[in-house]
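Colleague: Please present the model, so that its fold may be discussed by question and answer.

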Amino acid sequence: MKNIINMALTGLFLLTVTACEKDLELFNDPICRLNFYYQEIDNTADFKPQYANSSYSFIYKGSDLKRDTVWVIVESMGKLADQDRPITLEQLDTTAIIAQPGVHYVAFDDPSLAKYYVMPADKARTRLPIVILRDASLKQETVVLKYRIKANEFFSNGYDVLQTRSLSITDMLAEPAYWNKGYPMYGSYYSLRNFIGNYGVVKHQFMIDTTGKAWDDDFIEQLITGDSNYLNYIIQKLTTELVKTNEARQAQGLDVLKEADGTVVSFESMYDD
């Protein structure tokens, strides 16, 4: 009997430890906390730093577009409220070229955004707009807007890894943040890079010209998380068209497609991560 009791106590202890390792339940935290929400993860143990990075380029848009909106999702932990609760974001320093409020994006505390920066009554999740501006400087450079959730009288900060995000903004062809973003598949994580290799501007332009797709973050996510048959079709199309293009170029006495640094454009898969 003593052994049975000891085994039961041990089992209870293990269950308690396991429960402590899990994330707090959404509605049971007595303090209202706020996190950025990622549909790719079920708990913080699944979080990967690249999930917090995204990118936007005006180059995919018409020349008349002067501002656009990128949406991010936040989720609260704790009891719901029967009234709207303001949400506060703040910009952080970064080693990259820093996005300037009023130049590259609308400041988070701009009065025009106040009505959007709230958690609606009786809700635990909402979208927040990041309004970006098409400044002429973006034709020559990429700026980075790094920001975080700022605690206020309505919300405390939640999990550390879910507090900060980063958005690259440009008006040039530039590497999409999701090029190297890993998605769960086949029992591991795979990114676009795994299927078609490293990024290059010439390669990127060839992909756009060949498929008619933007190959921005949104398209990459749809492609990687969508029908695998379509992904395989796209890769085969790119590979076939590259061979045809290089043959045509060589027939004209030109070299095969290369990046500015001399790297030959290719769509070789890379599974060494």
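The exchange below addresses the overall make-up, one sheet and one helix.

Modeller: This is a predicted model, in which local features need pLDDT of at least 70 and side-chain atom pairs count only at pLDDT 80 or more, while totals for chains, interfaces and linings use all residues. Residues are numbered from 1 along each chain as its sequence is written, and side-chain values use heavy atoms, with hydrogens and water left out.

Colleague: What percentage of the residues in the protein is buried?

Modeller: Buried means under 20% relative accessible area with a 1.4 Å probe, counting protein chains only. The protein has 5 helices and 12 strands, which are DSSP runs (H or I, at least four residues; E, at least two) numbered from the N terminus. Of its 273 residues, the buried share is 40%.

Colleague: Which strands stand at the edges of the open sheet?

Modeller: Two strands pair if DSSP finds at least two bridges between them. In the open sheet of 4 strands, the order is β2-β10-β8-β5 and the pairing is mixed. Each edge strand has a single partner, so one side of it is left without a neighbour in the sheet; these strands are β2 and β5.

Colleague: Which residue in β10 is the bridge partner of serine 55?

Modeller: β2 and β10 (residues 164-170) pair in the parallel sense over 5 bridges. In β10, the partner of serine 55 is serine 168.

Colleague: Against which elements do the buried residues of α4 pack?

Modeller: Helix α4 spans residues 217-225, and its buried residues include Phe219, Ile220 and Leu223. Contact means heavy atoms within 4.5 Å. The buried residues of α4 pack against β2, β11, β12, α2 and α5.

Notes
Buried means under 20% relative accessible area, exposed over 50%, partly exposed in between (1.4 Å probe, protein chains only).
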